[in-house]
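Student: Got a minute to go through this one with me? I'd like to start with a strand pair and work outwards.

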Amino acid sequence: MKRTACIVACVGAASALLGAGGSSTGCGGGTLGGNGGGAPITGAGGAIVPGTGTAGTVTQGSAGDIGSGPGAGGDVGLPPRGGAGGMAGVIGAAGSIGPLGGSDGGAGGSGGAGGAITCPATTSPICGSSCGNGVVDTCIRMVGRDCHLAYVTEDCDGADFGPRTCRTLGYASGDLVCSPVCTLDYDDCSACAAPGAFVAACGDSPIQVPNIVSFGLAASDDQVAAAFVNQDSMTGAFRLTFTQLTAELALVNASTLDDTAQAGPVYGVGLYQAVIAPIGPGWIVAACSDDDVYLHLIDASGRDLGRTVVSHATDPTMQCHARTLVLAARPSGGPLLLWQTAQGLSASVIADNGRSASAPVSIAASSEGGIFGASAAWIAGAFQVAAGVGLFDVGGEAIRLVTVQSDGTAQPVADVLTTSVDGAPRIATGAADLRVVYPGVPAGPPVGFGQFWQRFDVSGKLVQPPVLLTSYPDFFGEAPAIALGDDTAVLVDGYGGEELAVIRVGLDGSIVTPLRDVAKAPAGPLTSYDMVRRGPELVVGWLSSSTGAFQLARVTP
């Protein structure tokens with residue numbers, strides 16, 4: 001491995017000063033030791049003005065203190081001694097370290113009372129002409145504000161990246177590229193897992209909405225749909241958007257349902273979340289605003305058929321909380337809507353025609369204790385709800401199971417005590433029984449802190465003890481789950497939000513397929529993720545905090 005040597009010397013002649021200004025010596029960025037300053041200058045001194053030089057050989061300066069100009073490249077040469085007179089010395093502009101015996105910088109500007117030393121520009125090849133030899137080199141160069149000498153190493157050279165790949169640097173797939181100055185280029189690294197037997201396709205959604213606050217994802221037999229809330233960065237106004245995609249995730253249409261900058265029922269209010277579910281041949285989009293929990297009925301062509309208010313906030317304690325809306329689909333009718341306020345967790349069943357809703361019923365009251373989120377699914381002819389709750393009367397936490405009938409009436413089933421529930425329990429959709437995934441610690445074995453899966457019957461009786469799917473801190477947070485016959489596919493989130501992976505668990509709690517990445521990126525969390533089923537595939541959606549993009553993947557479980 002080649003190493004280039006640097007010899008730095010800055011020698012001045014104090015006797016050469018005739019004015020009040022002090023002598024300044026420069027340390028250029030390329031070949032040190034350019035021609036000396038021009039004829040001696042007398043005066044009070046002034047600000048340093050960098051000069052620019054062209055190629056030449058290193059020679060002794062004429063009059064003045066030492067000058068230093070940029071060489072065309074090469075090892076750093078010895079500087080000449082300064083002349084006998086003059087004000088401050090000459091300072092050449094910074095340049096790259098080039099080949100030994102490279103040209104001398106031209107004369108710099110006149111010096112004054114002195115100034116800060118500026119080291120070589122970092123955009124030049126870190127090891128000069130060694131860049132391009134196909135081998136990662138280490139060399140000596142000046143670094144830091146004080147121009148001290150240090151060993152530095154190229155990031156890469158040609159196809160030589162050392163042990164680094166996109167995956168070792170935290171990405172799911174892609175290839176590194178080495179720039180012309182031997183620095184890493186990550187542009188071809190991707191958060192998306194490489195297409196293959198598991199991930200059928202992955203990438204940006206065909207519609208990109210700027211500054212997305214929230215999104216909802218749903219699927220029918222032949223389509224995928226999404227709803228977005230985004231905010232205008234200039235005006236602060238919010239917009240609710242509906243999008244239809246084909247089974248292959250190509251764009252069918254997109255339309256704006258609400259714009260808080262426009263006159264109408266949502267003018268000037270804040271929008272915080274959007275969720276979506278299929279209803280008959282169309283869709284229901286529900287939203288949470290300052291004033292209302294409301295919904296839009298969308299027909300099969302994507303046309304908005306009207307807006308319905310489900311709950312109106314008459315005081316601040318009734319305003320819905322962001323990230324608490326849940327819309328659980330029903331195969332033969334209207335979905336169930338859940339939302340949380342300062343008063344507690346409520347539920348309402350949407351009518352089969354999508355134009356009205358049942359009176360809200362309470363699932364959990366804040367006066368009982370904390371509420372950590374909820375989910376719901378249509379199982380055994382009714383909606384089953386699982387909510388994470390803290391209970392003051394028992395001094396602990398529980399998964400509350402509640403059954404909500406299609407007419408909107410609710411019956412408590414059980415409070416299943418746990419040591420800890422640290423997020424919304426997620427019920428697996430499409431199952432014939434009640435399978436719950438939650439982050440926290442179970443009341444009994446296994447001992448641990450992480451993501452747990454367990455089964456109940458609809459009466460709340462435990463069928464399968466808790467199974468630890470993943471442990472903290474590797475994976476943690478809410479985990480959407482979908483039944484695949486007897487198996488359950490669970491989408492888990494990396495603790496830092498930098499990874500999304502799917503794990504498959506059997507009916508007896510055994511791991512059928514271990515964790516497989518869908519997306520992974522080191523630049524920032526993959527936020528607001530969700531997973532739905534479309535035919536034989538799973539569709540995973542997420543927001544990238546680093547790029548702001550809404551991304552989708554088709555997964556073959």
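Student: How many bridges join β16 to β17, and do they run parallel or antiparallel?
Tutor: Seven bridges join them, and the two strands run antiparallel. Strand β16 covers residues 292-298. Bear in mind that this is a predicted model.

Student: Which residue in β17 stands opposite tyrosine 294?
Tutor: That's valine 309.

Student: What sheet does that pair belong to, and is it open or closed?
Tutor: An open one of four strands, in the order β14-β15-β16-β17, with antiparallel pairing. The edges are β14 (271-279) and β17 (304-312), each of which pairs on one side only. From one strand to the next, the twist averages 20°.

Student: What holds strands like these together in general?
Tutor: Strands of a sheet pair through backbone hydrogen bonds, either parallel or antiparallel.

Student: Changing topic: how many disulfides does the count come to?
Tutor: Six disulfides. One of them starts in the sheet we just discussed: cysteine 288, in strand β15 (residues 282-289), is linked to cysteine 320, in the loop between β17 and β18 (326-330). The two cysteines are 32 residues apart.

Student: How far apart are the sulfur atoms of cysteine 288 and cysteine 320, and is the link left-handed or right-handed?
Tutor: The sulfur atoms are 1.7 Å apart. The link is right-handed, with 110° about the S-S bond.

Student: Are cysteine 288 and cysteine 320 buried or exposed?
Tutor: Cysteine 288 is buried, and so is cysteine 320.

Student: What about cysteine 166, which cysteine does it pair with?
Tutor: Cysteine 189, with the sulfur atoms 2.0 Å apart. The torsion about the S-S bond is about -75°, so this disulfide is left-handed. Cysteine 166 sits in the loop between β4 (148-153) and β5 (173-174) and cysteine 189 in strand β8 (residues 189-190), so the bond ties together parts 23 residues apart in sequence.

Student: Why does cysteine 189 count as buried?
Tutor: Because its relative accessibility is 11%, and buried means under 20%. Cysteine 166 is buried with a relative accessible area of 1%.

Student: And where are the partners in the disulfide of cysteine 127 and cysteine 139?
Tutor: Cysteine 127 lies in the loop between β2 (109-111) and β3 (138-143), while cysteine 139 is in strand β3. They are 12 residues apart, and their sulfur atoms are 2.0 Å apart. That link is left-handed, with -95° about the S-S bond. Both cysteine 127 and cysteine 139 are buried.

Student: OK, further along the chain. What do β29 and β30 form?
Tutor: A hairpin, with five residues between the strands. In the turn, glycine 460 has a positive phi of about 90°. Six bridges join β29 (residues 450-456) to β30 (residues 462-471), and they run antiparallel. Glycine 450 stands opposite serine 471 in β30.

Student: Where does valine 492 lie, and what does it touch?
Tutor: Valine 492 lies in strand β32 (residues 487-493). Leaving out residues up to four places away in sequence, its contacts include Gln451, Thr470, Phe475 and Leu515. Ala479 is also among them, and the C-alpha atoms of valine 492 and alanine 479 are separated by 5.1 Å although the two are 13 residues apart along the chain.

Student: Is valine 492 buried or exposed?
Tutor: Buried, with a relative accessible area of 0%.

Student: How many cavities of 30 Å³ or more does a search of the whole structure find?
Tutor: One. The largest cavity has a volume of about 40 Å³. Its lining includes Phe198, Leu484, Arg504, Arg516 and Pro557.

Student: Which elements give two or more residues to that lining?
Tutor: β33 (499-505) and β34 (511-520). The largest share, three residues, comes from β33.

Student: Last one, zooming out: how many helices and strands does the protein have?
Tutor: Zero helices and 37 strands. Of its 557 residues, 53% count as buried. Among contacts between residues at least 6 apart in sequence, 49% join residues at least 24 apart.

Conventions. Residues are numbered from 1 along each chain as its sequence is written. This is a predicted model: local features need pLDDT of at least 70, side-chain atom pairs count only at pLDDT 80 or more; totals for chains, interfaces and linings use all residues. Side-chain values use heavy atoms; hydrogens and water are left out. Two strands pair if DSSP finds at least two bridges between them. Axes are lines fitted to C-alpha atoms, for helices over the stretch in contact, and angles run from 0 to 180 degrees between N-to-C directions. A disulfide is a pair of cysteine sulfur atoms within 2.5 Å. Buried means under 20% relative accessible area, exposed over 50%, partly exposed in between (1.4 Å probe, protein chains only). Contact means heavy atoms within 4.5 Å. On a 1 Å grid over the protein atoms alone, a cavity is a set of points where a 1.4 Å probe fits but cannot get out, and a pocket is an open set with protein on both sides within 12 Å along at least five of seven lines; lining residues have an atom within 4 Å of a point. Grid points are joined across faces, edges and corners, and a volume is the space filled by probe spheres set on the points.
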